[in-house]
Amino acid sequence: MESLTAKFTTAFRSERLIYRAIDMQDIPLVARMLWDPVNQGFGDPTLYTPLSGTIGSVMVQKGLEASLLAVLICLPNPQAQQDAAPGLPGNSLRAAQESAIPIGSLMLGKPTAPKTDHWRWTRMGLGIAEEHQGNGYGKEAVNWALDWAFEFAGMHRVELTTASYNDRAIAMYKSLGFKEEGRKRETIYMDRRWWDMVEFGILEGEWEALRGKN
């Protein structure tokens, strides 16, 4: 009982970050963070065109509807932490979530075909606002999401894809234990060059080995 209480009260926190559900009023914010020109270019290798706020919000809404998990990646609000009154751990976490400062988003998708639910896999997507990149927040959030997927959602594998020109993302995924599982060669056209679509995955047993779990 006590170990589960501790698990529940820290489930939506990592070393520096707090995670909270994406509400309907957050959708325009998520769209702005994901589809600024730099994030759009690295995160969406399809035809590079200006994206309106309306279309971006519609795309986020569709992502929410197809998600197993959808969270805002947030920094704690120092002023709110200072003003917080002592209380039960669960209430403290709720207060921290409500006052936290969003810097990105992360989603884990549901299997697209109902008859594959028993395969227990999910596909990850994330984005960090450009002004907060380069601080390791994306790596910390992905690491947290892996723990959630394997500890709470009972997943057997987590997968993701990225364009081969996204060197920084590829290095991060490999450092977290993802394995390159395949490439669709020269399937992306960007900046007068052909690039590969790179598939990555991590299995439950590989995550267990990294965490030192039986």
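A residue counts as exposed when its relative accessible area is over 50%, and as buried when that area is under 20%. With that in hand, helix α8 of this predicted model is a handy place to start. Asp 167 and Arg 168 of α8 are exposed, and they sit on the other side of the helix from a buried set made up of Ala 169, Ile 170, Met 172 and Tyr 173. These four buried residues lie on the same side of α8 because they span an arc of only 165 degrees around its axis. What do they pack against? The partners of the buried α8 residues are β4, α7, β5 and β7. Just past the end of α8, Gly 177 has a positive phi of about 105 degrees.

Next comes the nonpolar interior. The largest nonpolar core has 33 residues, and those touching the most other members are Leu 17, Ile 73, Leu 106, Met 124, Leu 146, Val 158 and Phe 178. Elements that each supply at least two residues include β2, β3, α7 and α8, with α7 giving the most, at nine. A second, separate core holds 17 residues, among them Leu 64, Leu 72, Cys 74 and Met 107. As for Ile 73, its contacts beyond four places in sequence include Leu 17, Tyr 19, Leu 106 and Ala 141.

Finally, there is a helix crossing. The axes of α2 (residues 27-34) and α4 (residues 53-65) come within 8 Å and cross at roughly 105 degrees, which means α2 is roughly perpendicular to α4. Among the residues making this contact are Ile 27 and Leu 34 of α2, along with Val 60 and Leu 64 of α4. By class, the contact has seven nonpolar, three polar and no charged residues.

Terms used. Residues are numbered from 1 along each chain as its sequence is written. This is a predicted model: local features need pLDDT of at least 70, side-chain atom pairs count only at pLDDT 80 or more; totals for chains, interfaces and linings use all residues. Side-chain values use heavy atoms; hydrogens and water are left out. Axes are lines fitted to C-alpha atoms, for helices over the stretch in contact, and angles run from 0 to 180 degrees between N-to-C directions. Angles under 35 degrees count as roughly parallel, over 145 as roughly antiparallel, 65 to 115 as roughly perpendicular and the rest as oblique. Contact means heavy atoms within 4.5 Å. Ala, Val, Leu, Ile, Met, Phe, Trp, Tyr, Cys and Pro count as nonpolar, Asp, Glu, Lys and Arg as charged, and the others, Gly among them, as polar. A nonpolar core is a set of buried Ala, Val, Leu, Ile, Met, Phe, Trp, Tyr and Cys residues joined through side-chain atoms within 4.5 Å. Buried means under 20% relative accessible area, exposed over 50%, partly exposed in between (1.4 Å probe, protein chains only). The arc is that of the directions from the helix axis to the C-beta atoms.
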